[in-house]
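Reader: I'm in my first year and still learning to read these pictures. Could you take me through one part of this structure closely, and then show me how it sits with the rest?

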Amino acid sequence: MITVQEAEKLILDSIGEIDPETVAIDAALGRCLREPINADRALPPFDRATMDGIAINSSTYNTGQRKFKIGGTAPAGAPQQALPELKACLEIMTGAPLPQMADCVVKIEDLEIKDDTAILPDGLQLDFHTAVHAQGSDCKSGAELLSPNRKLTAKEIAIAASVGKAEVSVSRSPRIAIVSTGDELVSIEQTPEPHQIRRSNDLTLSTALVSAGFPNVERVHIPDDQEQIETQLRELMQRCDSIILAGGVSKGKYDYIPETLAKLGVSIRFQWVSQRPGKPMWYGQFSRDGARLPVFALPGNPVSCFTCLRRYVIPALEKWIGLPPAKPCYAKLNHDLTFKPELTLFLPAVAEPKASGELWATPALFNTSGDFVSVAKTDGFIELPKSRKIFPEGEAFQFYPWPI
Ligand SMILES: Nc1nc2c(c(=O)[nH]1)N[C@H]1C(S)=C(S)[C@@H](COP(=O)(O)OP(=O)(O)OC[C@H]3O[C@@H](n4cnc5c(N)ncnc54)[C@H](O)[C@@H]3O)O[C@H]1N2
Ligand code: MOO
Ligand SMILES: [Mg+2]
């Protein structure tokens, strides 16, 4: 049996980077950028007025002139104009290019307009570039604004749009199959017999993946029949980039998954991790067209497979699409805990941010790793290392928020 850290390393070390593809910028939300985005010109591209008012030359004001004849209007969207003379002004709108000979903008609230003259009071603080967003002050032409391997959210999309990238290179979204197995499991619509249960893991896993940024997911359910498992997995291996199984991986007579995966040529990287829940977890890879494609077989108990998805699968998929590791999050334990088994404990907990800036975790009381009712009340899990048995109140441990 391997440790949580060994399992994590084996998975992450085995994962390469998926191919890029080009998509329209308005379809790129949540994707991982695979090319640098450079400024095609300076930003802002011209000296830009930041206030509605008048454009003047500050030295004219500072040498005592208070009345400025209005020589015209400079709206946003019009080419740059010029002051008719140093003593004059132009009315100017926010976003317009600063006229030649002007070097600052006086906002409309600070002046009075009478007929065709702007009258300024004494005591204004007017200098070179007052109320002007100077050309190139945000970045120079050609500067790298976004480097590859970052997630495209609204703010990155604003940058790509502003430099004219109608299309961007991003990581291909892997096609993922979620496979549940088990004769006891019936569909949501069915009324279960007393010995049956409605299946939920496959839907939990697929929705968690969608919310984590992996929308290309399909669900398949297979009964505990080795032939059917083999046929369906073979077919999925031909057209999916990754397979995530839930159930059928432990030591039961009908836990056919590890044996069938081996038969299909999926090479095992490990099985059995010293953790609770999720001890029977299995991980391997298969090859197709030169690519090594990951297969995760997660234990069927609902809390186990959800925890393993969060702890191992989502970080692995994020690495695969080129994202850097997520920054760790920590929470302080709200009460003393003792856990004797030689296992890392993933403990579902309610997380409460305090005004001090600390996050405190209150572990949930729950029955077994089949108890997903209690898990639904929590925000994530804390990871208590296997090297320890006593965990005192107030000590900080790594906290993994659930996918939302
Ligand atoms: N002799 C041993 N028995 C078990 C061990 C062990 O080490 N030795 N490990 C236990 C642990 S820990 C876990 S976790 C489970 C894992 O079992 P499997 O991966 O084989 O999963 P199943 O047997 O198929 O199912 C377990 C449990 O989960 C329910 N389940 C499965 N799929 C779904 C689904 N899609 N939706 C809702 N619920 C699901 C299933 O009905 C079972 O109750 O093995 C222990 N046994
Ligand atoms: O460890 Mo299992 O994953 O408890 O139910
Ligand atoms: Mg089983």
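Author: Let's start with the nonpolar core, then move on to a buried residue, the salt bridges and the metal ion.

Some ground rules come before that. This is a predicted model, where local features need pLDDT of at least 70, side-chain atom pairs count only at pLDDT 80 or more, and totals for chains, interfaces and linings use all residues. Residues are numbered from 1 along each chain as its sequence is written, chains are lettered from A and ligands numbered from 1 in the order in which they are written, and side-chain values use heavy atoms, with hydrogens and water left out.

The protein is split into domain 1 (4-19 + 172-320), domain 2 (22-38 + 148-171), domain 3 (48-133) and domain 4 (329-401); these bounds come from an automatic or database domain assignment. Taken over C-alpha atoms, the centres of domain 2 and domain 4 are 37 Å apart.

Now for the core. A nonpolar core is a set of buried Ala, Val, Leu, Ile, Met, Phe, Trp, Tyr and Cys residues joined through side-chain atoms within 4.5 Å. Buried means under 20% relative accessible area, exposed over 50%, and partly exposed in between (1.4 Å probe, protein chains only). The largest core here has 62 residues, and I244 and L298 have the most contacts inside it. Helix α7 (residues 302-320) gives the most to this core, eleven residues. Helices (H or I, at least four residues) and strands (E, at least two) are DSSP runs, numbered from the N terminus. Domain 1 and domain 4 each supply at least three residues to this core.

Zoom in on L298. Not counting residues up to four places away in sequence, L298 touches L205, I244, L245, A246, G247, V249, M281, C305, C308, L309 and V313, where contact means heavy atoms within 4.5 Å. There is also a second, separate core of 16 residues, including L345 and F397.

Next, look at N201, in helix α4 (residues 201-211). N201 counts as buried because its relative accessibility is 12%. Leaving aside neighbours within four places in sequence, N201 is in contact with A246, G300, N301, P302 and C305.

On to the charged pairs. The structure holds 23 salt bridges, each a side-chain nitrogen of Lys or Arg within 4 Å of a carboxyl oxygen of Asp or Glu. In one of them, R239 pairs with E235, the closest N and O atoms being 2.6 Å apart. Both sit in helix α5 (residues 226-239), four residues apart, about one turn of the helix. R239 is partly exposed, at 35% relative accessible area.

K332 and E358 form another salt bridge, with 2.8 Å between the closest N and O atoms. K332 is in strand β22 (residues 329-333) and E358 is in the loop between β24 (344-353) and β25 (359-363), so this pair ties together parts 26 residues apart in sequence.

K389 and E342 meet in a salt bridge too, at 3.2 Å from N to O. K389 lies in the loop between β26 (380-384) and β27 (390-391), E342 in the loop between β23 (337-338) and β24, so they tie together parts 47 residues apart in sequence.

Last comes the metal. The magnesium ion (ligand 3) is coordinated by D255 (OD) and D255 (OD), at 2.4 Å. Donors are N, O and S atoms within 2.8 Å of the metal (3.2 Å for Na, K and Ca), and water is not among the atoms, so sites may look incomplete. You'll find D255 in the loop between β17 (242-246) and α6 (257-263).
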